[in-house]
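Take a look at the chain shown below. The report that follows walks through its cores, its pockets and a few single residues.

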Amino acid sequence: MTTSESTSPHGPRMSFAHAAPAVYKAMIQLDAAARQGLEPSLTELVKIRASQINHCAFCIDMHIKDARAAGESEERIYLLNAWEEAAGVYTEKEQAALALTEAVTVLPDGVSDEVYDRAAKHFEEQELAQLIALIFTINAWNRIGVTTRKVPGSYKPTAG
């Protein structure tokens, strides 16, 4: 769909997968590689939180549905936007991952030694590298979704 075909100011601009199939396929492969060795519940929390920060409605919808399908509680999903105030709902490891997610997502603020060291305390080096890859990958997906105005609501989780 082109801009001229869209009747809504918030309608989709293009199908990125169709317009740039090689890049889309590489992103799918990067996403799969980034998730390796990380707990599925943690990956969905990270993806939801980055997507909230980036205002990517499609990715928020997708990863909330995936989190629910994986058994994540409604309470933890609802409180994610204010995870620091609801710290008792998340493990220390999850809190460290969420702090790192926010620092990497809002990069102009930088990733402080305090935030990095907090994450390094809970993740072995290889797992921490995977977490960083997961964060930059969801940020790339968010940029695709926001730029192309990917419409939320149609995503259905696959049986796991």
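## Nonpolar cores

A nonpolar core is a set of buried Ala, Val, Leu, Ile, Met, Phe, Trp, Tyr and Cys residues joined through side-chain atoms within 4.5 Å. Buried means under 20% relative accessible area. Keep in mind that this model is predicted.

The largest nonpolar core has 28 residues. Five of them have the most contacts inside it: V46, L80, L100, F123 and L131. Several helices build this core. Helix 3, helix 4, helix 6 (92-105), helix 7 (113-122) and helix 8 each bring at least two residues. Helix 6 gives the most, with seven residues.

Now pick out V46. Leaving out residues up to four places away in sequence, V46 touches A97, L98, T101, L131, L134 and I135. Another core lies apart from the largest one. This other core has ten residues, including C56, M62, W141 and Y155.

## The annotated region

The UniProt record, an unreviewed entry, carries a domain annotation for residues 21-102. The record's name for it is "Carboxymuconolactone decarboxylase-like".

What is the helix content over residues 21-102? The chain there is 72% helix. Strand makes up 0%. The C-alpha atoms at the two ends of this stretch are 29 Å apart.

## The largest pocket

The largest pocket has a volume of about 830 Å³. Its lining counts 34 residues, and the closest to the pocket centre are D31, M62, H63, D66 and Y155. Five elements give two or more residues to the lining: helix 1 (16-19), helix 2 (21-35), helix 3 (40-54), helix 4 (57-69) and helix 8 (125-147).

Which helix gives the most to this lining? Helix 4 does, with six residues. Sorted by class, the lining of the largest pocket has 21 nonpolar, seven polar and six charged residues. Two names link this pocket to the smaller story above. M62 and Y155 are among the residues closest to the pocket centre, and M62 and Y155 also belong to the core of ten residues.

## The second largest pocket

The second largest pocket has a volume of about 160 Å³. Its lining is made of H10, C56, A57, F58, G145, V146, R149, K150, V151 and P152. Helix 4 and helix 8 each supply at least two of these lining residues.

By class, this lining has six nonpolar, two polar and two charged residues. C56 is one of the lining residues. C56 is also a member of the core of ten residues.

## Residues in loops

Start with G37. G37 sits in the loop between helix 2 and helix 3. Is G37 buried or exposed? G37 counts as exposed because its relative accessible area is 69%, and the cut-off for exposed is over 50%. The C-alpha atoms of G37 and V89 are separated by 23 Å, and the two residues are 52 apart along the chain.

H55 is in the loop between helix 3 and helix 4. H55 is exposed too, at 66% relative accessibility. The phi of H55 is near 60°, a positive value in a residue other than glycine.

L79 lies in the loop between helix 5 (74-78) and helix 6. L79 is partly exposed, at 30% relative accessibility. Setting aside neighbours within four places in sequence, L79 is in contact with A86, V89 and Y90. L79 and L107 are 28 residues apart along the chain, and their C-alpha atoms are separated by 23 Å.

## Two more residues

R149 comes in the segment after helix 8. Phi of R149 is positive, about 55°, although R149 is not a glycine. R149 is partly exposed, with a relative accessible area of 29%. R149 also helps to line the second largest pocket.

T43 is in helix 3. Is T43 buried or exposed? T43 counts as buried because its relative accessibility is 3%, and the limit for buried is under 20%. Leaving out residues up to four places away in sequence, T43 touches R35, L38 and L134. L134 is also one of the residues that V46 touches.

Methods:
Residues numbered from 1 in each chain as written. Predicted model: local features only at pLDDT ≥ 70, side-chain atom pairs only at ≥ 80, totals over all residues. Heavy atoms only, no water. UniProt positions renumbered as here; feature names shortened; annotations may be inferred. Helix = DSSP H or I, 4+ residues; strand = E, 2+ residues; numbered from the N terminus. 1 Å grid on protein atoms, 1.4 Å probe; cavity = no way out; pocket = protein on both sides within 12 Å on 5 of 7 lines; lining within 4 Å. Points joined across faces, edges and corners; volume = space filled by probe spheres on them. Nonpolar A, V, L, I, M, F, W, Y, C, P; charged D, E, K, R; others polar. Buried < 20%, exposed > 50% of the residue type's maximum accessible area, 1.4 Å probe, protein only. Contact = heavy atoms within 4.5 Å.
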